[in-house]
Amino acid sequence: MANAKAEKTAANANANPAEDDFSLRSLQEAHQDKPRFDASEEQMLDFYRQMLLIRRFEEKAGQLYGLGLIGGFCHLYIGQEAVAIGLQSALDNDRDSVITGYRDHGHMLAYGIDPKVIMAELTGRAAGISKGKGGSMHMFSTEHKFYGGHGIVGAQVALGGGLALAHQYNDDGGLCLAYFGDGAANQGQVYETMNMASLWNLPIVFVVENNQYAMGTAVNRSSAETEFYRRGTAFRIPGMDVNGMDVLEVRGAAEIAFDHVRQGGGPVLMECNTYRYRGHSMSDPAKYRTREEVQGYRDTKDPIEAIKKTLMEKGKSEDDLKAIDKDIRKIVAEAADFAENSPEPEAAELYTDVLVGEY
Amino acid sequence: MSDVADKQQGAKSRKGTKDADGDRRLNMIEAINDALDIMLERDPDVIIMGEDVGYFGGVFRATAHLQEKHGKTRVFDTPISECGIIGVAVGMGAYGLRPVPEIQFADYIYPGLDQLISEAARLRYRSAAEYIAPLTVRSPFGGGIFGGQTHSQSPESIFTHVAGLKTVIPSTPHDAKGLLIAAIEDNDPVIFFEPKRIYNGPFSGYYDRPVQSWAKHADSVVPEGYYRIPLGKARTVREGTQMTVLAYGTMVHVAEAVAREKNIDAEILDLRTLVPLDIKAVEKSVEKTGKCMIVHEATRTSGFGAELSALVQERCFYHLEAPIERVTGFDTPYPHSLEWAYFPGPIRIGEAMDKLLEG
Ligand SMILES: Cc1ncc(C[n+]2csc(CCOP(=O)(O)OP(=O)(O)O)c2C)c(N)n1
Ligand SMILES: [Mg+2]
């Protein structure tokens, strides 16, 4: 870390405004030069499958919530699938870590984690990935270096800074991908973290999933700067402005950002412009936006439809793709059955995992 | 409020329903809304701010229609920035305004703790009363809604522990209105915790029975116009001789239901404000009954019950015929599953009552 710090200071010492300006925009320019990732047909099929799994999983979760099988708070990722899949497909899962907020089902599924244990967590069952103790918002997987699911808006970003510092300290070559929302972007600790990350040259990619709303608040009603990718400039963090509705664009941007970080370039701030189709959580009357607005996204910008179209242009038949959907529906139905029928945790579990050991 | 305004308010009052006797009945949300409406009308220095309180009217609708009626300079949305919201409110208060910030859930007050503890609570003292912080922080708190660890907590004793803050917790629509008006008019910083489980109806704790509405509860009769209930005055919910039960918020109703169900002649005191505490009322009751039980949802260790227990022991020792009983939440985070095993409900309260009677 000492070295990284020294380098950073050296870079600052002969700062030249024109060069600074270029380096802050260089990643964005690279992205604009070649926005879309050259995916093989196999990769595209994978993206399609994974995004569709998220979509169908979330639809089912919405149904289970409606039936009263999922309690409390449940935030669906429908519409935003391309962000998690585009980014996480570019990770080196042996080294890299991920952390996010409470809208986390998609990020878990992106790892290929069994949908059963995710759904069972939503229903609060002992077989859930957090033993039914975390619920929809709080899921974790040490196996995949997925550090959660966090319910407090913005708090995970600082934790992400810590994960990145640990990557650097251990010199393990990993980076941290820290997601947060457009609403979370207004928490002070996000900027405390950006400053530290840049000061210490940490290997972290900050990702704003700008889905245009924080609960009922549209970005322009809460944010003085709504171009979130610009918000790193004050900390000398380069920004990227990415179409989050196109999985190939997100993946293309991920390649550039991860490369920059892995070469020791320090943090990157990426804004993925996306849209959530459903309410904020399940009890959202959605009176703050028009039906037409939502329909417009569904009809013209849907990330799954987009990749489907590309695949069909490449010669896949409608039937091939339908068969995939059928498989996925089956997987999701099985996950729902499992989540519905497995037992609740034992009452004694209330007292476990509060502190180390017996309590 | 002027007579004219009073009449207008009455004439176009959309709130609540009139019962057969012509009394106006409100639920707790409506009563809080009514108090805010009246204070906005009476005092141009009153300002309401918070996440989604303006355009959207609050996630629980407590500020519904207030922006429409009073305009955006009096009732406005903030970014998701609790530390900033509370800090800005302290500054506004120091300059002479009377801000009423809403923190969407008590669980999200922690990012603003520094501003509350180091600034709001201490400004009067360190400036020898040259400056004060007359803000009222409203926040829904408590469990029983399947909210898990980030939507259910009862953090009141964190605030009662801080010299320089007042802590108020209403348990009925009638009290919610009068206490909120008193809190807003109070020249000290007040934490006003609203038990969200009883927003729409009193909760008996028998979670498997049909939900009740406020309409049939005597204390849902809420007079029109301005009135205040002084801070520091407990309410005797029912008189009794066999034991004194000290409670506040949701637990007032649960304790009452259990006493009724078990035919126990308990005297139940609703403390209404924890700081300032109506210790005289507590003493008087315990001296009469000789037995004392304390009920709260919050975790046990260092909970407000510990303070109450110490006070009763110090002041009523020679009147006590049995050890003081405490029924509280367990010393664990609020769980996602097993909520009813965690909640200090009728079974635990009933057992403690039996024990006291035997003692
Ligand atoms: C500190 C804190 N304040 C408020 C909340 C309540 N809350 C939960 S989600 C949310 C909106 C967040 O919006 P955004 O960051 O844009 O994420 P999105 O829901 O759009 O994914 C709010 C205000 C919270 N969980 N934590
Ligand atoms: Mg958002």
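**Exercise 1. Burial and compactness of chain A**

Find what share of chain A counts as buried in this predicted model, then judge how compact the chain is.

*Solution.*
Step 1. Take the cut-off: a residue is buried if 20 or more other C-beta atoms lie within 10 Å of its own.
Step 2. Apply it to chain A. Of its 359 residues, 50% count as buried.
Step 3. List the secondary structure. Chain A has 13 helices and 7 strands.
Step 4. Turn to the radius of gyration, which is 20 Å for chain A. The globule rule gives 21 Å for 359 residues, so chain A is as compact as a globular protein of that length.
Step 5. Add the outline. The C-alpha trace of chain A spans about 65 × 60 × 40 Å along its principal axes.
Step 6. Check the contacts. Among those in chain A between residues at least 6 apart in sequence, 77% join residues at least 24 apart.

**Exercise 2. The same checks for chain B**

State what share of chain B is buried, and test its radius of gyration against that of a compact globule.

*Solution.*
Step 1. Buried residues account for 57% of the 359 residues in chain B.
Step 2. The radius of gyration of chain B is 20 Å. A compact globule of 359 residues would have a value near 21 Å, so the two agree.
Step 3. The C-alpha atoms of chain B fill a box of roughly 60 × 55 × 40 Å.
Step 4. Chain B contains 13 helices and 14 strands.
Step 5. For chain B, take contacts between residues at least 6 apart in sequence: 76% of them join residues at least 24 apart.

**Exercise 3. Two domains in chain B**

Give the bounds of the domains of chain B, and describe the contact between them.

*Solution.*
Step 1. Domain 1 of chain B covers 3-220, and domain 2 covers 235-358.
Step 2. Their centres, taken over C-alpha atoms, are separated by 25 Å.
Step 3. Domain 1 of chain B puts 30 residues into the contact, and domain 2 of chain B puts in 30 residues.
Step 4. On the domain 1 side, the elements giving two or more residues are helix H7 (156-160), strand S7 (166-168) and helix H8 (173-185) of chain B.
Step 5. Sort that side by class. It has 12 nonpolar, 14 polar and 4 charged residues.

**Exercise 4. The nonpolar cores**

Which residues have the most contacts inside the largest nonpolar core?

*Solution.*
Step 1. The largest nonpolar core has 99 residues. Those with the most contacts inside it are B:Val245, B:Ala255 and B:Met293.
Step 2. Find the main contributor. Helix H2 (residues 28-42) of chain B gives the most, with 9 residues.
Step 3. Relate the core to the domains. It draws at least three residues from each of domain 1 and domain 2 of chain B.
Step 4. Look around B:Ala255. Leaving out residues up to four places away in sequence, B:Ala255 touches B:Val245, B:Ala247, B:Ile268, B:Val295 and B:Ile349.
Step 5. Note a second, separate core of 92 residues, which includes A:Tyr65, A:Ala90, A:Val205 and A:Ala336.

**Exercise 5. Between the chains**

Count the residues in contact across chains A and B, then place ligand 1.

*Solution.*
Step 1. Chain A has 31 residues in contact with 25 residues of chain B.
Step 2. The chain A side divides into 13 nonpolar, 15 polar and 3 charged residues.
Step 3. Ligand 1 lies between chains A and B.
Step 4. There are 19 residues around ligand 1, and the nearest are A:Val153, A:Gly181, A:Gly183, A:Ala214 and B:Tyr108.
Step 5. This shell divides into 9 nonpolar, 6 polar and 4 charged residues.

**Exercise 6. Unusual backbone geometry**

Is the peptide bond from B:Val275 to B:Pro276 cis or trans? Then place A:Arg236 and B:Ala128, and give their phi values.

*Solution.*
Step 1. Recall the background. Most residues other than glycine have a negative phi, and most peptide bonds are trans.
Step 2. The bond from B:Val275 to B:Pro276 is cis, with omega near 0°. B:Pro276 sits in the loop between strand S12 (273-275) and helix H10 (279-289) of chain B.
Step 3. A:Arg236 has a positive phi, near 65°. It lies in the loop between helix H9 (219-222) and strand S6 (239-243) of chain A. With 19 C-beta neighbours inside 10 Å, A:Arg236 counts as partly exposed.
Step 4. B:Ala128 has a positive phi of about 50°. Its loop runs between helix H6 (123-126) and strand S6 (136-141) of chain B. B:Ala128 has 7 other C-beta atoms within 10 Å, so it is exposed.

Technical notes. Residues are numbered from 1 along each chain as its sequence is written. Chains are lettered from A and ligands numbered from 1 in the order in which they are written. This is a predicted model: local features need pLDDT of at least 70, side-chain atom pairs count only at pLDDT 80 or more; totals for chains, interfaces and linings use all residues. Helices (H or I, at least four residues) and strands (E, at least two) are DSSP runs, numbered from the N terminus. A residue is buried if 20 or more other C-beta atoms lie within 10 Å of its own, exposed if 12 or fewer, and partly exposed in between; C-beta atoms are placed from the backbone. A nonpolar core is a set of buried Ala, Val, Leu, Ile, Met, Phe, Trp, Tyr and Cys residues joined through C-beta atoms within 7 Å. Domain bounds come from an automatic or database domain assignment. Two residues are in contact if their C-beta atoms, placed from the backbone, lie within 7 Å. A residue is near a molecule or strand if its C-beta atom, placed from the backbone, lies within 6 Å of it. Ala, Val, Leu, Ile, Met, Phe, Trp, Tyr, Cys and Pro count as nonpolar, Asp, Glu, Lys and Arg as charged, and the others, Gly among them, as polar. The radius of gyration is taken over C-alpha atoms; the globule rule is 2.2 Å times the number of residues to the power 0.38.
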